[in-house]
Amino acid sequence: MADKIKDAKIVFVVGGPGSGKGTQCEKIVAKYGYTHLSSGDLLRAEVASGSDRGKQLQAIMQKGELVPLDTVLDMIKDAMIAKADVSKGYLIDGYPREVKQGEELEKKIGAPALLLYVDAKGETMVKRLVKRGETSGRAEDNEETIKKRLDLYYKATEPVIAYYEKRGIVRKINSELPVDEVFAIVEKAIDELK
Ligand SMILES: Nc1ncnc2c1ncn2[C@H]1C[C@H](O)[C@@H](COP(=O)(O)OP(=O)(O)O)O1
Ligand SMILES: [Mg+2]
């Protein structure tokens, strides 16, 4: 089963909460036929299912903390295998949050070909998330939790970027620009993969 994804094209999409990862991933899916896997969405789906695991996850996420590595990884792998026949590649959105997560994914699934670093200023991310919170109904889109997530993000993600920069696969995307201009930069990075 796992054989189906052993040569899969894997793109990590990394950036702070509200930086625009989901927005750009949606556009990549439409143009390139990739499968978008947001660890956050997979986790929220588990919560919505009302399972015991979902209830534990909800408590962790509401506090703005990170969910255990094995749990996230298992969900990503299952979702990849489910899409193997139709997918041109995979966008792994919001993962890895820590270097160790990246190493584990590589061991169990495969190496990333590209890391899209969706970069926006802290104040921009807070503004976007507060606005998203007005309509999203996401428990974690409130200002206090947002600030906590941003702190955690900076601490955890800087080493991740540095690690993949050494391997030459990081493309930093200026996500302060309007959505379509951001996507024009993203397209160049994806086109280089072919
Ligand atoms: N380049 C951009 N300019 C303005 N708003 C943007 C933007 N990219 C995304 N947004 C908006 C859409 C959402 O309401 C909010 C967060 O975007 P998102 O794609 O959900 O972020 P993420 O998935 O990184 O948390 O910001
Ligand atoms: Mg998102």
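Is Ile10 buried or exposed? At 1% relative accessibility, Ile10 counts as buried, where buried means under 20% relative accessible area, exposed over 50%, and partly exposed in between, with a 1.4 Å probe and protein chains only. The legends below place this residue and others in a predicted model, in which local features need pLDDT of at least 70, side-chain atom pairs count only at pLDDT 80 or more, and totals for chains, interfaces and linings use all residues. Residues are numbered from 1 along each chain as its sequence is written, chains are lettered from A and ligands numbered from 1 in the order in which they are written, and side-chain values use heavy atoms, with hydrogens and water left out.

**Figure 1. Overview of the protein chain, with eight helices and five strands.** Helices (H or I, at least four residues) and strands (E, at least two) are DSSP runs, numbered from the N terminus. Along the sequence the elements follow the pattern β-α-β-α-α-α-β-α-β-α-α-β-α. The radius of gyration is 16 Å, close to the 16 Å that the globule rule gives for 194 residues, so the protein chain is as compact as a globular protein of that length; the radius is taken over C-alpha atoms, and the rule is 2.2 Å times the number of residues to the power 0.38. Along the principal axes, the C-alpha atoms fill a box of roughly 40 × 40 × 30 Å. Of the 194 residues, 45% count as buried. Contacts, defined by heavy atoms within 4.5 Å, are formed by residues 24 or more positions apart in 78% of the cases with a separation of 6 or more. The accessible surface comes to about 10,200 Å², of which 50% belongs to carbon and sulfur atoms; accessible areas come from the Shrake-Rupley method with a 1.4 Å probe, and for residues only the protein chains shown count as cover.

**Figure 2. Surroundings of Ile10 in strand β1 (residues 10–14).** Leaving aside neighbours within four places in sequence, Ile10 is in contact with Met80, Tyr90, Ile92, Leu105, Ile109, Gly110, Ala111, Pro112, Ala113 and Leu114. Val179 lies 169 residues from Ile10 along the chain, and the C-alpha atoms of the two are separated by 23 Å.

**Figure 3. Surroundings of Leu116 in strand β4 (residues 114–119).** Leu116 has a relative accessibility of 2% and therefore counts as buried. Beyond residues up to four places away in sequence, the residues that Leu116 touches include Val11, Phe12, Val13 and Val14, together with Ile28, Arg171, Ile173, Val186, Ala189 and Ile190. The C-alpha atoms of Leu116 and Lys172 are 6.2 Å apart, although 56 residues separate the two along the chain.

**Figure 4. Buried and exposed sides of helix α3 (residues 52–62).** The buried residues of α3 are Gly54, Leu57 and Met61. They cover an arc of only 65° around the axis, which puts them on the same side of α3; the arc is that of the directions from the helix axis to the C-beta atoms. An α-helix has 3.6 residues a turn, so residues three or four places apart point the same way. The buried residues of α3 pack against α2 (39–48) and α4 (69–82), whereas Asp52, Lys55 and Gln56 are exposed on the face turned away from the buried side. Just after α3, Gly64 takes a positive phi of about 80°.

**Figure 5. Helix α5 (residues 99–108) and the loop before it.** Gln101, Gly102, Glu104 and Leu105 are the buried residues of α5. They cover an arc of only 165° around the axis, which puts them on the same side of α5. The packing partners of these buried residues are β1, α4 and α7 (143–166). Lys100 and Lys107 are exposed on the other side of α5. In the loop between β3 (90–93) and α5 lies Pro96, which is joined to Tyr95 by a cis peptide bond with omega of about 5°. Most residues other than glycine have a negative phi, and most peptide bonds are trans.

**Figure 6. Ser175 in the loop between β5 (170–174) and α8 (179–191).** Ser175 counts as buried at 4% relative accessibility. Residues up to four places away in sequence aside, Ser175 touches Ser19, Gly20, Val118, Asp119, Ala120, Arg128 and Val182.

**Figure 7. Thr124 in helix α6 (residues 122–136).** With a relative accessible area of 13%, Thr124 is buried. Thr124 and Thr35 are 27 Å apart in space, C-alpha to C-alpha, and 89 residues apart in sequence.
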